[in-house]
Amino acid sequence: MVKGAAASADRRPLSEAGAQRALAAVALTLAGLASLSFLHSYDPHKAWSGSVLTFAAYSAVVLVCEATRLRFEVRRHTYVFSVSEVALVLGLFWMSPLQMLASRLLASVLVYGYLRWPGRKSMINVVVQASEIAVATYVFGQLAHVFHGVTNPASVSGWFAAYSAVGLADLTSTTVVITAITLAQGWLSSTELVRLTVGTVLAGVLNATVGLMVLIVLGVNKSAVFLLLIFAGVLVAGYRAYTQFLRQHKNLEELYEFTRAIGTARQDANLADPLLTRARQLLNAETASLWLPAQGRHPELRLIARVDSPGLVDDPVSGNDVIRQRIITDGTTVFASAKHGDEDREIRAALRDRRVKDLIAVPLRSGSVVIGCLEVTNRLGDTAYFGASDVRLLETLGAHAAVAVENSRLVDRLRHDAYHDALTGLPNRRRLLSALEAALSVQPAPGEVVALLQFDVDSLRDVNETLGHGAGDRLLAEVGRRLQAEAPKGALISRIGGDEFVVLLRAPGPEAAQAAAVALQYALVEPFALDNFTLDVGAAVGIALYPDHAPDAGTLLQRADVATYSAKTNPRSIQLYRPAMESRSVHRLGLVSELRKAIDENALSVHYQPKVALANRELVGVECLVRWEHPEHGLVSPDDFIPVAEHTGLVGELTSRVLRTALEQCRRWHDAGRPIGVAVNLSTRSLLDPDFPDELERLLTEFGVPANQLTLEITESGMVGDTDRPLPTLRRLASLGVRLAVDDFGTGYSSLSYLRRLPVHEVKIDKSFVLGMATDSGDLGIVRAIVDLGRHLGMSVVAEGVESEMTLTLLEDMGCDMAQGFLFSRPLPRERIEAWMAARTEVAPGAPGGEGRLRVVTG
C-alpha cells in the first residue's frame with residue numbers, strides 16, 4: 001500500500017488547503033464506493049469470529065506492519081510503502097472484514113498519533129485504508145463464490161484470490177495518491193507515473209507473497225511462528241542497516257555537492273545562493289537563512305531561501321532576534337521544536353513570534369569567533385520535525401559554510417589589497433590605471449578633459465630621518481586624507497609611490513584642472529602637527545590632460561610624471577605638461593645603452609679644473625670632471641648622463657674609470673716634478689658600497705700615489721641622506737689618508753654637530769652663493785659664515801664659481817683658503833691643462849737648481 005503526503009509544491013495550481021480539501025473529496029468518494037462493496041459482502045453472522053486473543057494477536061501484526069515503512073521521495077513529496085499488505089492477506093484468510101477494519105483503525109490511530117500527523121491528513125489516510133479493506137474483502141469474497149478452495153492459502157485459487165484482492169486494493173490507494181499529486185502540483189510526467197505504479201505493484205506482489213508464505217508455514221506447524229518472528233526481525237534489522245547505509249551515502253554525496261557548490265563562490269552574495277538552496281534541500285526544510293553581522297568593511301547580511309520562492313530574498317528576522325543573539329553569545333547550536341519541547345521560554349516565544357514549528361540554528365565559526373549563523377525552519381514531509389541527525393548534518397554544513405565565508409572574505413580582502421595602498425587605504429597604481437582606462441573609454445564632452453594631477457610631497461625624507469618612519473607614515477596618511485577631503489566630487493585619489501599621490505578627475509578645461517591643482521596644493525600648505533612638532537609641508541604638482549597630452553592611460557600617467565619631475569626643479573610649483581619636457585627625458589632614456597657602450601670602449605674623457613691657493617696664488621690641485629663627446633649629439637652635459645648612470649647602476653663603473661684616469665695622471669705629474677693633488681666626485685652609491693675603500697686602496701697602490709694627494713668630493717645631500725650608513729665607509733677612507741670634501745656645501749641640511757661627526761677635511765662652498773656674493777648681501781653673509789665655520793672646525797674652505805676679481809678680493813679678505821672657477825680656467829682636457837700649466841710656470845726665487853713652481857696669474 002502507498003500512503004501519500006502532500007507538503008508543498010514547486011508549481012502550485014491550488015493552495016495547500018485547496019489541495020487537501022480536493023484530496024479529501026476524492027478519498028471520501030472512493031470510500032463511499034468501497035463501503036458499498038463492503039456492505040454488499042457483509043455477513044452479520046460472521047461479523048466477529050475467533051477469540052479475543054486471536055484478534056489481539058492479529059492487531060499486533062497489523063500494528064507492526066503499519067509501523068514498518070519503506071520511504072521514497074517524488075519531487076518534494078515523501079511516499080511511504082508499508083508492508084500492510086502482509087497483514088491484509090492474513091486477515092483475508094483468518095479474520096472477518098469487521099475485525100480487519102477494527103484492527104487497521106486501531107493501528108492507524110496509534111501510528112499517526114506517534115508521528116503527530118495533522119488531523120485532516122490522518123483522517124484521509126484512515127478512509128483510504130478502510131476503502132482498501134472493503135475492496136479487498138469484496139473481491140476475495142466474490143472470488144470465493146466462483147472458485148473452490150479459495151480459503152486455502154496453499155491452493156492456487158487461494159493465491160489467485162489473494163493477489164487479485166491486494167492488487168485492486170493497491171490500485172485504489174494508488175489512484176488516490178496520483179490524484180493528490182495532480183491536484184497539489186500538476187500532472188506527473190510519464191516517467192514518474194510509471195515509476196510510482198510499478199513500485200506499488202511490485203511492493204503489493206511481494207507483500208502478498210510474504211503473507212501467503214506465512215500462512216502456509218503456520219498451516220504446517222503453528223510453532224513456526226517463532227521462526228517467522230526471528231526471520232522477520234533479521235529482515236527488519238537488515239533493512240534498517242541497509243537504509244541507514246543508503247542514507248549516509250546519499251548524505252555524503254549531497255555534502256560533497258554542497259561543498260563543491262559553495263567552494264566555487266567568491267563573494268558573500270554569490271556564496272549565499274548555493275549555500276541556502278542546498279541546505280534547505282538537504283534538510284527538507286521550508287526555509288534556510290544566513291545571517292552575518294557587520295564586520296569591518298563588510299555590512300550585515302541577512303538572506304533567506306524559501307521553498308515556494310525562487311532565488312533569495314532579504315530575511316525579515318533581525319540580528320537582534322533572541323535565537324541569533326543566543327548563537328553569538330553562547331556559540332552553541334539552538335534546536336527547538338514543538339515535538340521535542342524546549343524548556344527555554346525565550347526560545348519558545350521566539351518560535352511563536354516567527355510562526356515556525358521547529359528550528360535548527362548553528363553558529364558559523366572562524367577559529368574561536370562566531371561570525372554568523374545558519375538556520376533552517378519547518379521540516380517538510382511525513383517526518384514532520386527535525387531530529388538529532390538533522391542537527392548533526394546542519395552543523396557539518398555550517399562548518400563548511402564558515403570556511404567558505406571566511407575564504408570569500410579573504411579573497412575579497414586580497415582583492416582589495418591588490419588594488420589599494422596598505423598605508424593610506426587609497427587606490428594604488430593598478431587601481432588608478434584601471435580607473436583611468438575606464439575614464440578614457442567615455443568620450444569627453446566638448447571642451448572637457450580628463451586630468452591627472454600628480455603630487456610629489458616634499459619634506460618626507462626629513463621627517464623620516466628626524467622623527468622616524470612612523471611619523472613619516474602618519475604624514476602620508478594625513479596627506480591622503482586632506483586630498484580626499486578637498487578633491488572635487490567624483491575624483492579618484494590614489495597613492496602610486498613613496499611620496500607620490502595622483503588625483504584623477506574630469507574638468508571643464510585645462511584652466512579648471514589647474515585651479516583644482518592649486519586648491520589641492522593649498523590644502524597641503526596648512527601646517528601638519530606630528531609628535532609635538534609643526535611641519536610645513538608642500539608638494540610639487542605635475543598635470544597631464546586627455547586628450548591634449550596623451551591618447552591612452554599609460555602615456556598619460558607617464559607624462560604626468562614628466563611634468564611632476566619638471567615641477568620639482570622649482571619647489572612647490574605647478575607644471576602643466578609640455579612636449580619640451582618630454583624631449584629631455586626621452587633623450588636621457590636613449591643614453592642608457594650608449595653610455596654603457598662608451599664606458600666599455602673607454603670613450604669618456606676627463607677634464608681638469610685648477611684649484612688655486614688664495615694666500616699665494618699657487619696651483620695646489622685640480623678637480624677631475626668626466627666629459628662625454630658623443631659621436632652624434634656632440635658634447636653631452638654631465639647633468640644628462642650622470643643621473644642616467646646613477647639610476648642604471650653604471651655609476652660604480654664610471655667612478656672607477658675616472659679614478660683610474662685621475663690617479664694615472666697624478667702619477668705622471670709627480671714624475672714630472674709637479675706634485676699636484678687630484679679631486680674626484682664620489683656618488684652616494686659608491687659611498688654606501690662597503691667594498692669601495694678596498695678597491696680604492698688597490699688603485700692607490702697600483703699607481704703609487706700618496707693617499708693625501710687624492711680628495712674625494714661628496715655632495716652634502718649624499719652625506720646627509722642616511723647619517724649612519726656612510727660613516728663606516730667615510731672613516732675607512734679617512735684611515736687610508738684620503739682627503740674628504742663636502743661638495744656644494746650650503747644647499748643641504750648639514751649642521752655644526754653633524755659636520756663634527758664626519759672625518760671631513762675640506763668644505764666647498766656652492767657656486768650659487770659665490771656667484772651672487774658681490775651683489776647680494778645675503779649670499780655674502782652665507783659665504784662669510786661658511787668660511788668662519790670651516791676655520792673653527794679646522795677645515796679647508798674652497799669657493800667654487802669664482803668668475804670676477806671682486807669676488808676673488810672678497811674671498812681673500814675673508815680668509816678663504818682656495819678657489820676655483822672660470823676666472824682661473826674652465827675644465828680642460830689633459831693636453832690643454834698641461835699647456836696651461838707650462839704657460840704659468842715661474843722660477844721660485846732662490847730655488848735650488850732653478851726648480852719651477854706654478855703660480856697662477858689672472859687677467
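I started with strand pairing in this predicted model, and I noted that β11 and strand β12 (residues 500–507) pair in the antiparallel sense, with four bridges between them. Within that pairing I looked up Ile 493 and found Val 503 of β12 standing opposite.

I then widened the view to the sheet, an open one of five strands in the order β11-β12-β10-β15-β16, and I recorded its pairing as mixed. Which strands stand at the edges? They are β11 (492–495) and β16 (574–576), and because each has a single partner strand, one side of each is left without a neighbour in the sheet. For the twist I wrote down that neighbouring strands of this sheet are turned by 20° against each other on average, with direction ignored.

**Helix α24**

My next entry concerns helix α24 (residues 726–735), where I listed Pro 726, Leu 727, Thr 729, Leu 730 and Leu 733 as the buried residues. Seen down the axis of α24, these buried residues fall within an arc of 165°, so I put them down as lining one face of the helix. On the other side of α24 I found Pro 728 and Ser 735, both exposed. I also checked what comes after the helix, and noted that α24 is followed by Gly 737, whose phi is positive, near 100°.

**Salt bridges**

How many salt bridges does the count come to? I obtained 27 salt bridges for this model, and I went through three of the pairs one by one.

For Arg 481 and Glu 478, I found that the side chains meet in a salt bridge with an N to O distance of 3.0 Å. Both belong to helix α15 (residues 469–486), and, being three residues apart there, they are separated by about one helical turn. I kept in mind that an α-helix has 3.6 residues a turn, so residues three or four places apart point the same way. As for accessibility, I entered Arg 481 as partly exposed at 48% relative accessibility, and Glu 478 as partly exposed at 23%.

Turning to Lys 611, I noted a salt bridge with Glu 762, in which the closest N and O atoms are 3.1 Å apart. This pair links distant parts of the chain, since I located Lys 611 in strand β17 (residues 604–613) and Glu 762 in strand β23 (residues 762–765), 151 residues apart. Are these partners buried or exposed? I found Lys 611 buried, and Glu 762 is buried too.

The third pair I looked up is Glu 664 with Arg 668, whose side chains meet in a salt bridge at 3.1 Å, N to O. Both residues lie in helix α20 (residues 651–671), four residues apart, which I recorded as about one turn of the helix. Glu 664 is partly exposed, with a relative accessible area of 33%, and I likewise entered Arg 668 as partly exposed, at 40% relative accessibility. I also noted a case of shared partners, in which salt bridges join Asp 315, Asp 321, Arg 324, Arg 354 and Glu 375 into one network.

**Aromatic rings**

My search of the whole structure found four aromatic pairs, and I describe two of them here. The rings of Phe 147 and Phe 160 have their centres 5.9 Å apart and their planes at 75°, so I classed the pair as edge-to-face. I placed Phe 147 in the loop between α5 (119–146) and α6 (156–185) and Phe 160 in helix α6, 13 residues apart. Phe 147 is partly exposed, with a relative accessible area of 36%, and Phe 160 is partly exposed at 45%.

The other pair I followed is Trp 628 with Phe 641, again edge-to-face, at 5.8 Å centre to centre and with 85° between the planes. Trp 628 lies in strand β18 (residues 618–630) and Phe 641 in helix α19 (residues 638–648), so I noted that the pair ties together parts 13 residues apart in sequence. I found both Trp 628 and Phe 641 buried.

**Charges over rings**

Finally, I looked up charged ends sitting over aromatic rings. The charged end of Arg 482 sits over the ring of Phe 528, at 3.6 Å from its centre. I also recorded the charged end of Arg 826 over the ring of Phe 822, at 4.1 Å from the ring centre.

Technical notes: Residues numbered from 1 in each chain as written. Predicted model: local features only at pLDDT ≥ 70, side-chain atom pairs only at ≥ 80, totals over all residues. Heavy atoms only, no water. Salt bridge = Lys/Arg side-chain N within 4 Å of Asp/Glu carboxyl O. Helix = DSSP H or I, 4+ residues; strand = E, 2+ residues; numbered from the N terminus. Buried < 20%, exposed > 50% of the residue type's maximum accessible area, 1.4 Å probe, protein only. Phe/Tyr/Trp six-rings, centres within 6.5 Å; stacked < 30°, edge-to-face > 60°. Lys NZ or Arg CZ within 6 Å of the ring centre and 35° of its normal. Arc of directions from axis to C-beta. Pairing = 2+ DSSP bridges. Axes fitted to C-alpha atoms, helices over the stretch in contact; angles between N-to-C directions.
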